[in-house]
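Got a minute for a quick tour before you set anything up? Here is a briefing to read with the structure open.

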Amino acid sequence: MLAFNNRIFNFGAGPATLPLSVMQEVESEFLNYQSSGMSIVEMSHRNPLFEEIISTARSRAKKLLGLGQDYELLFLQGGARHQFAMVPTNFGNHDRVIDVIDSGVWTKFAHQEISRLKLMPHLVASTESTKYQSLPKYRPEDLDPKASYIHFCSNNTVVGTQWKEFLKLKGVRSVVDMSSDIFSRVLDFAQFDLIYAGAQKNIGPAGTTLVAIKKDWVDQGRKDIPEIFQYSAHIKHDSMYNTPCCFSIYVCGLVLKWIEDRGGLAGLESENTRKAKLLYSYLDQSSFYRSAVHLPDRSIMNVVFRIGDGHEALESKFVSEAEAAGYSGLKGHRLVGGLRASIYNAQSYEAVKSLTEFMDNFYERHKLEL
Ligand SMILES: Cc1ncc(COP(=O)(O)O)c(C=O)c1O
């Protein structure tokens, strides 16, 4: 079944569904961008038309995040995982620890990269032993006042938890991986010295990684590392130190405009909360489906759930029947199994409603198998 406009409902965690209106715009100007006689994918990044694209995308992103002149905004490559290594490579110091709050598999990987660089990660708190089903708790005195920085992940895509507040020490730099919830809610983004996010969930197609960095920190970055790893080099060249990921940046610019038109982050937060409430309420009243995630820590972006206590045969039936009915990407991350519905900015309320109807229908047909 095709849900609408020949498109299925895509609940995948990323690359994820994008606003239909943006894709239609891309389609309409794909072969001949702004009467240039060529496609955006054929155009030099030195073309004034592309320079306009990247500078507009940059200002839109900064404005939406409420970041001022004291921040630089970059569109890099290599994904969020590249940042796991690039941040400590620039700002790691052999005499100081890097505080890591381990709230899921992605912070674990970031921690591993720090160790690989022979730097000193300090695991402040972790909920790995309870499968990350809640956010770790820690006190200010557990943090190191001399740390090079503290590392967070704001939304734990795989396990479905999300920080509402970030406990850190004044005077210690902070870094946040916002790959799966950037632009989804109102937040004081200027509380962080460095924010990064792979584009492929809430910003646009895979390829580019948005990095916002406090200018006064950039200068403290190491200069004895290859230039390609230095934030200062990318800033000096306006994100064009190497050939940028032009197509992804172009679509990101259009998605950012779409966000502005929907009332900015406040507008999206209220839509996202409404969608998440619908799905969690459905799960909570069910004796068949179950969200094991600690209630106050639940993510409004990635809703992770199980059938019963993890009935794998039924879960796999659920995924294949859902796929056949036009709901794709519902299989949980391979590291944790189960089911997951990613309901990023571009996912509609109607899609979530339709999913709950499918879930109900599946329940009626399979409840005796549990
Ligand atoms: C929170 C988070 N961090 C990092 C990554 C890795 O991103 P990438 O594939 O862009 O390196 C992901 C991917 O899903 C993620 O969700």
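What follows goes through the ligand shell, the domains, three helix pairs and two backbone oddities.

Keep in mind that this is a predicted model. The protein chain splits into domain 1 (23-261) and domain 2 (264-369), and a ligand is surrounded by residues that include Ala13, Arg81 and Asp177.

**Ligand shell**

- The full set around the ligand is Ala13, Gly14, Gly79, Ala80, Arg81, Trp106, Cys153, Thr157, Asp177, Ser179, Ser180 and Gly198.
- By class, the shell around the ligand holds four nonpolar, six polar and two charged residues.
- If you want one element to look at here, pick helix 3 (residues 79-91), which gives the most to the shell, with three residues.

**Domains**

- Taken over C-alpha atoms, the centres of domain 1 and domain 2 are separated by 27 Å.
- Across the boundary, 23 residues of domain 1 are in contact with 23 residues of domain 2.
- On the domain 1 side, the elements giving two or more residues to the part that touches domain 2 are strand 6 (155-156), strand 7 (161-162) and helix 7 (246-261).
- That side of domain 1 divides into eight nonpolar, eleven polar and four charged residues.

**Helix 1 and helix 7**

- Helix 7 also pairs up with helix 1 (residues 20-29): their axes come within 10 Å and cross at roughly 140°.
- That angle makes helix 1 oblique to helix 7, and the crossing is right-handed.
- Helix 1 brings Ser21, Val22, Glu25 and Val26 to the contact, while helix 7 brings Val251, Leu254, Val255 and Trp258.
- Sorted by class, this contact of helix 1 with helix 7 has six nonpolar residues, one polar and one charged.

**Helix 3 and helix 4**

- Helix 3, already met at the ligand, packs with helix 4 (residues 105-116) at an angle of about 40°, with the axes 9 Å apart.
- Helix 3 and helix 4 are therefore oblique to each other, and helix 3 passes helix 4 in a right-handed crossing.
- The contact uses Arg81, Phe84, Ala85 and Pro88 from helix 3, plus Phe109, Ala110, Glu113 and Ile114 from helix 4.
- Arg81 is worth spotting twice, as it is listed around the ligand and in the contact with helix 4.
- The class count for helix 3 with helix 4 is six nonpolar, no polar and two charged residues.

**Helix 9 and helix 10**

- The axes of helix 9 (residues 312-325) and helix 10 (residues 349-366) come within 11 Å, crossing at roughly 130°.
- This pair is therefore oblique too, and helix 9 passes helix 10 in a right-handed crossing.
- Helix 9 contributes Leu314, Lys317, Phe318, Glu321, Ala322 and Ala325 to the contact, and helix 10 contributes Phe358, Phe362 and His366.
- For helix 9 with helix 10, the contact residues fall into six nonpolar, one polar and two charged.

**Backbone oddities**

- As background, most residues other than glycine have a negative phi, and most peptide bonds are trans.
- The peptide bond from Gly14 to Pro15 is cis, with omega near 0°.
- Pro15 sits in the loop between strand 1 (9-10) and helix 1, and Gly14 is among the residues around the ligand.
- Lys118 is not a glycine, yet has a positive phi of about 60°.
- You'll find Lys118 in the loop between helix 4 and strand 4 (120-126).

How values were computed:
Residues are numbered from 1 along each chain as its sequence is written. This is a predicted model: local features need pLDDT of at least 70, side-chain atom pairs count only at pLDDT 80 or more; totals for chains, interfaces and linings use all residues. A residue is near a molecule or strand if its C-beta atom, placed from the backbone, lies within 6 Å of it. Helices (H or I, at least four residues) and strands (E, at least two) are DSSP runs, numbered from the N terminus. Ala, Val, Leu, Ile, Met, Phe, Trp, Tyr, Cys and Pro count as nonpolar, Asp, Glu, Lys and Arg as charged, and the others, Gly among them, as polar. Domain bounds come from an automatic or database domain assignment. Two residues are in contact if their C-beta atoms, placed from the backbone, lie within 7 Å. Axes are lines fitted to C-alpha atoms, for helices over the stretch in contact, and angles run from 0 to 180 degrees between N-to-C directions. Angles under 35 degrees count as roughly parallel, over 145 as roughly antiparallel, 65 to 115 as roughly perpendicular and the rest as oblique. A crossing is left-handed if the near helix is turned anticlockwise from the far one by less than a right angle, and right-handed if clockwise.
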